[in-house]
Amino acid sequence: MILTVMKSRQERDWLDIDVPDDYPVIQLKEMLGMRVYGEAPRAGQQYILEGKFPDGLWFTIRDSQDVAEAGLREGCLVRLQRAFSTTDEEAPVFGKRSLFQDGSTGVMAD
């Protein structure tokens, strides 16, 4: 399948690549890292791959998928972004807060 790679956020600089449907996303990210940034990710650096249908919104593509499983089709747009972090884990969420709490006690207001 042919995908259009956006090399900048302004979507003015792009290139087309041809990849098989069963191409692993992790390898696609490595290949695009070399093509777009000229280097593989260093320690503490990650690449985030996002896809977009021509008239749709950007969505994140997980590493554990291949190109077809990720929902990409012929003519989709993809972009690669660099993220700098010391971990690949997400921050935990510690419960939810009610919108209607008494400010001094934290008790639900009636």
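This note goes through the predicted model point by point, from overall fold to single residues.

1. **Overall fold.** The chain has one helix and five strands. Along the sequence the order is β-β-α-β-β-β. Helix H1 covers residues 25-37, and strand S2, residues 14-18, comes before the loop that leads to H1. Strand S3 takes in residues 45-52. Strand S4 is residues 59-60 and strand S5 is residues 77-84.

2. **Burial and surface.** The chain is 110 residues long, and 30% of them count as buried. About 7,800 Å² is exposed. Carbon and sulfur atoms supply 51% of that area.

3. **Contact range.** Take the contacts between residues at least 6 apart in sequence. Of these, 53% join residues at least 24 apart. The salt bridges below give concrete cases of parts brought together across the sequence.

4. **Salt bridges.** The structure holds two. One pairs Asp63 with Lys29, at 2.6 Å from N to O. Asp63 sits in the loop between S4 and S5 while Lys29 sits in H1, so this bridge ties together parts 34 residues apart in sequence. The other pairs Arg79 with Glu50, with the closest N and O atoms 2.6 Å apart. Here Arg79 belongs to S5 and Glu50 to S3, so the parts tied together are 29 residues apart in sequence.

5. **Burial of the bridge partners.** Are Arg79 and Glu50 buried or exposed? Both are buried. In the other bridge, Lys29 counts as buried because its relative accessibility is 10%, under the 20% cut-off. Asp63 has a relative accessible area of 36% and is partly exposed.

6. **Lys29 in helix H1.** Lys29 is worth a closer look. Which residues does Lys29 touch, not counting those up to four places away in sequence? They are Tyr47, Leu49, Asp63 and Leu80. Asp63 in this list is also the salt-bridge partner of Lys29. Tyr47 and Leu49 fall within strand S3, residues 45-52. Leu80 falls within strand S5, residues 77-84.

7. **Glu30, the next residue along.** Glu30 also lies in helix H1. Glu30 is partly exposed, at 48% relative accessibility, whereas Lys29 is buried at 10%. Glu30 and Tyr47 are 17 residues apart in sequence. Their C-alpha atoms are 8.3 Å apart in space.

8. **Leu15 in strand S2.** Leu15 is found in S2. Leu15 is buried, with a relative accessible area of 15%. Leaving aside neighbours within four places in sequence, Leu15 is in contact with Leu3, Thr4, Val5, Lys7 and Arg35. Thr4 is 11 residues from Leu15 along the chain, and their C-alpha atoms are separated by 5.7 Å. Arg35 in the contact list falls within helix H1, residues 25-37.

9. **The negative patch.** Asp18, Asp21, Asp22 and Glu74 form a negative surface patch. Where is Asp22? Asp22 is in the loop between S2 and H1. Asp22 is exposed because its relative accessible area is 56%, over the 50% cut-off.

10. **Pro20, in the S2 to H1 loop.** Pro20 is found in the loop that also holds Asp22. Pro20 is partly exposed, with a relative accessible area of 43%. Pro20 and Met1 are 19 residues apart along the chain. Their C-alpha atoms are separated by 5.8 Å.

11. **Arg73, in the S4 to S5 loop.** Arg73 is placed in the loop between S4 and S5. Asp63, the partner of Lys29, lies in that loop too. Arg73 is partly exposed, at 45% relative accessible area. Not counting residues up to four places away in sequence, Arg73 touches Met1, Ile2, Leu3, Phe53 and Ala68. How far apart are the C-alpha atoms of Arg73 and Met1? They are separated by 7.0 Å, though the two residues are 72 apart along the chain.

12. **The start of the chain.** Several points meet here. Met1 is touched by Arg73, and the C-alpha atoms of Met1 and Pro20 are 5.8 Å apart. Leu3 is contacted by Leu15 and by Arg73.

Note on methods. Residues are numbered from 1 along each chain as its sequence is written. This is a predicted model: local features need pLDDT of at least 70, side-chain atom pairs count only at pLDDT 80 or more; totals for chains, interfaces and linings use all residues. Side-chain values use heavy atoms; hydrogens and water are left out. Patches are made of residues with over 30% relative accessible area and no salt bridge: like charges are joined within 9 Å, nonpolar side chains (Val, Leu, Ile, Met, Phe, Trp, Tyr) within 5 Å. Accessible areas come from the Shrake-Rupley method with a 1.4 Å probe; for residues, only the protein chains shown count as cover. A salt bridge is a side-chain nitrogen of Lys or Arg within 4 Å of a carboxyl oxygen of Asp or Glu. Lys and Arg count as positive and Asp and Glu as negative; His and the chain ends are not counted. The place of a charge is taken as NZ of Lys, CZ of Arg, CG of Asp or CD of Glu. Helices (H or I, at least four residues) and strands (E, at least two) are DSSP runs, numbered from the N terminus. Buried means under 20% relative accessible area, exposed over 50%, partly exposed in between (1.4 Å probe, protein chains only). Contact means heavy atoms within 4.5 Å.
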